[in-house]
Amino acid sequence: MAEEEGPTIELRQRKKPKSSENKESAKEEKINNTAIPERVPKHILFQRFAKIFIGCLAAVTSGMMYALYLSAYHERKFWFSNRQELEREITFQGDSAIYYSYYKDMLKAPSFERGVYELTHNNKTVSLKTINAVQQMSLYPELIASVLYQATGSNEIIEPVYFYIGIVFGLQGIYVTALFVTSWLMSGTWLAGMLTVAWFIINRVDTTRIEYSIPLRENWALPYFACQVAALTGYLKSNLNSYGERFCYLLMSASTYTFMMMWEYSHYLLFLQAISLFLLDSFSLEQSEKVHEVYKIYIFSLFLGYLLQFENSALLVSPLLSFVIALMLAKCLQLNVKKGTFVAKIMKVINFYLVCTLTVTLNIIMKMFVPHKENGHMLKFLEVKFGLNMTKNFTMNWLLCQESLQAPSQEFFLRLTQSSLLPFYILVLITCFLSMIQVIFRRINGKSLKETITLEDGQIGERPEIIYHVIHTILLGSLAMIIEGVKYLWTPYVCMLAAFGVCSPELWMTLFKWLRLRTVHPVLLALILSMAVPTIIGLSLWKEFFPRLMTELMELQEFYDPDTVELMTWIKRQAPVAAVFAGSPQLMGVIKLCTGWMVTSLPLYNDDDLLKRNENIYQIYSKRSAEDIYKILTSYKANYLIVEDAICNEVGTVRGCRVKDLLDIANGHVVCEEGDKITYSKHGRFCHEVKINYSPYVNYFTRVYWNRSYFVYKINTVISFQS
C-alpha cells in the first residue's frame, strides 16, 4: 500500500497552480529518474548500448557513403580529374563562380589578414564600386576553407578545388547524418534513419542542389540547420535526462549561430521555426521553459551575428528578432491563471493577439530607427507574386520567370509519388495532425495529460517534439506549394517525417485505437508493422532505384563548352589587365573567376544597386539605339562588351519570359491592345544590329573577337562618325 500512495501524492502536487510547488515536484521527479538506471539489469543496459552503438555506426556510415557517392558522381559527370584548371573552373556557373573566385583570392593573399581586408574593401570586382564582399555575399565559408587549406598543409597534398568541393561534400554527409539522427530520435529505431537516407538520396533532385551548384550558400548552411533540428528534437523530448538536455542545448546553440553566419536568409527560416515553437508553447505548457530557452539562443545568435558580420543591420530589422522580443514581453505580462478555466482560455487568445501586434509594431519601430538596406525588391516581388500589384519592371518580372520562384510542377509530385515518399508522408502527417488536434482540445477543456506516454495509449500527438515537427513541416510545405525553391527545405523534412511515421509503433497504435481494432492485439500488430512496412519499402526501393544509382556512377559524362574556354583564353591573352567587361551577370561571374578581370555586374540579387546594373547592362538585348547603349556602358567605365548568341536568339523558354521579351515590356516596346501584342520601336534589336557592322553601330563598337556563342566588341573611346 505504501508503494501505491506515492504516485497519488505526486499527482495532487502537479494539479496545484503554484509554480513553486510545480518546480519542487519536478525536482523530485528528476531525482527519482536519476535513480532508475541503477536498478536496470546489466543485460538490458547492454542491449541499449548495442542499439545506440549500431545506430550511431549506421548514421556515420550513411553520411560517409553519401559524401563518397557525391564525389564519385561529380567526377563521372564532369570528368573532373582529367581537365585543365580553366575547364574545371568553368563548371562553376553564375553566383557559384563568384564564391569560388574569392576562395582563390584568399589563397593568393600574402596573409589571412591581408586577404580579409581586400575582401572587405573590394574595388577590383565591380567597376566604380567598393563592396564589403564578406558581408554582402556571406563569404565566411570561403574564409574558413582557405584557413583550413593552409593551416593543415593541404597545399602540398591536394589541389585547392578538390579541397573546397571536398568540404562541401563532407558537409552534405553531415546533413544526411543529422536527418538520420532526427528520425531515429522521433521513432526510437535507427531503421527510420536508414529509410530517411534512402528516400533523401533517391529524391535528391528535389532534396538538394549540390549536383548543379556546389558553392551555393544553402549547401554550406543547411547541414548546420539539420544539426540544429536534431538537437532541438532531442531537447524537446520529455524523457531526456539532464546530461542529454545539456548536450542538446549546447549543440543547438552552436549550430544555430553557425547556420546564421553561413546564409544571409537563415533568419527567415529560423523565423518559421520560432513560429512553430510559439504554437507548440501555446499547446504544450510543460515545454514552456524549454521553448523560452530556445528564444534566448535566437537572441544571442542574432546579436553575436550582428557584431561579427560587420554590424549587419538586416539582422536587427529581421522579423525573427521582433518576434522573439514580442514573445519575451508577452511572457512578462502573463498572469498566473488556473488552467482549463474560461479566464485561462481568454488569456490565451489575448496573448496570441498581443504577440502578433507587438511583433509588427517592434519591426516597424526597428526599421524607423535602424539604418538598413533591407531587400526592398523582395517585398515588391511578393506583392506581384500574390497578385497584390502589377508591374512592368524588368527585374520583378525576370524574378517571377525563374523556375525556382514559380509554383512546383506536376513532375515534382509525380517523382515523390513514384518513390512512395508522398503517400506515406500524407498518411503520417494526417495521423499526427489529427492526434495533435485531439490533444489540443483536451488541453482547452482543462483535462490533465499523463506524465509518461505508453505505447498502449496510442497518443502520438502528445509528444512535444512531434507537435513541433508537424507544425514546422506544414509551414514549410505551404511555402513550397507557392515557391518551388522552398522544396529543397521541405522535401528533406518530408523524407524524415515519413520515415519516422512508418517506423514508429506509436503511430500505428494511434491508427488502431481510432479504428478500434479488436481481432488482433493492437500493440503486437503495431510492433510488427513498424518493422515490416519499412522493410518492405526498403526492399522495393533497393530493387527499383539501386540499379539506377549504380548506372549513374558507371556512366562517364562530359561537360563540353569549348566556346567559353576559347573566350576565357582570349581574354587572358589579349585583353588589357585594366579592362572592364560588360555582359550578362552569369557570364560576368565566370569571367571574374577564370580571368580575374573587372566586370560591370554580378549574378547577385540581394543588392538594389547591382540589380539596377544588371537591368541596364541587359539593355544590349533590347530595341534601343547604339547611342543609348554606348552611354549606359561608358557610365560604368566598360571597355569591352560581350553579346551572347544564346540570349539574343533565345527561343527555348516560355514566350514572355525571355530576356528580350521582358525588356520590350519594361521599355514600352510591346503594347497590349484587346489581347493582341503590338511591337513598336524606332530601332532594331541591338544585339542583332551590332553584328551587321554598319553605321552608327561601327562608330561606337568595334568587333575584336567572335566564335559560335560569343561576340566581343571593344567600346570606342574616340567616336568616328562614318557614312
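**Exercise 1: strand 3**

Work out which buried residues of strand 3 lie on one side and which on the other.

*Solution.* Start with the split: Y640, I642 and E644 sit on one side, L641 and V643 on the other, and both faces are covered, with all of these residues buried. Buried means under 20% relative accessible area, exposed means over 50%, and partly exposed is in between (1.4 Å probe, protein chains only). Next, the background: in a regular strand the side chains alternate between the two faces of the sheet. Then check the tally: strand 3 spans residues 640-644, and five of its five residues are buried.

A word on the ground rules before moving on. This is a predicted model, where local features need pLDDT of at least 70 and side-chain atom pairs count only at pLDDT 80 or more, while totals for chains, interfaces and linings use all residues. Residues are numbered from 1 along each chain as its sequence is written, and side-chain values use heavy atoms, with hydrogens and water left out.

**Exercise 2: the sheet around it**

Place strand 3 in its sheet and say in which sense it pairs with strand 1 and with strand 7.

*Solution.* First, the terms: strands (E, at least two residues) and helices (H or I, at least four) are DSSP runs numbered from the N terminus, and two strands pair if DSSP finds at least two bridges between them. Now the layout: five strands make an open sheet in the order 2-1-3-7-6, with mixed pairing. Strand 2 (598-599) and strand 6 (701-706) are at the edges with a single partner strand each, so each has one side without a neighbour in the sheet.

Now take the partners of strand 3 one by one:

- Strand 1 (residues 580-582) pairs with strand 3 in the parallel sense over two bridges, and F581 stands opposite Y640.
- Strand 7 (residues 710-715) pairs with strand 3 in the antiparallel sense over five bridges, and V643 stands opposite F711.

**Exercise 3: helices on the sheet**

Which strands do helix 28 and helix 30 touch?

*Solution.* Contact here means heavy atoms within 4.5 Å. Angles run from 0 to 180 degrees between N-to-C directions, with axes fitted as lines to C-alpha atoms, for helices over the stretch in contact.

Step one: the sheet with the order 2-1-3-7-6 has helix 28 packed on it, touching strands 1, 2, 3 and 7, with a direction at about 125° to that of strand 3. Step two: helix 30 (residues 626-635) also packs on the sheet, touching strands 1, 3, 6 and 7, and its direction makes about 75° with that of strand 6. Step three: look at how covered helix 28 (residues 585-594) is, and you'll find nine of its 10 residues buried, among them L587, M588, V590 and I591. Right after helix 28 comes G596, with a positive phi near 85°.

**Exercise 4: salt bridges**

Compare the E552 and R613 salt bridges: where in the chain do the two residues of each pair lie?

*Solution.* The criterion is a side-chain nitrogen of Lys or Arg within 4 Å of a carboxyl oxygen of Asp or Glu, and the structure holds 27 such bridges.

Take E552 first: its partner is R204, with the closest N and O atoms 2.3 Å apart. E552 belongs to helix 26 (residues 522-554) and R204 to helix 11 (residues 204-207), so this pair ties together parts that are 348 residues apart in sequence. E552 is partly exposed at 24% relative accessible area, whereas R204 is buried at 6%.

R613 instead meets D609, at 3.5 Å from N to O. These two are four residues apart in helix 29 (residues 608-617), about one helical turn. R613 is buried at 4%, while D609 is partly exposed at 37%.

For extra credit, look for a network: D206, R415, E484 and K487 are linked by salt bridges.

**Exercise 5: the whole chain**

How much of the chain is buried, and how many helices and strands does it have?

*Solution.* Count the elements: 34 helices and seven strands. For burial, 50% of the 723 residues count as buried. Finally, among contacts between residues at least 6 apart in sequence, 71% join residues at least 24 apart.
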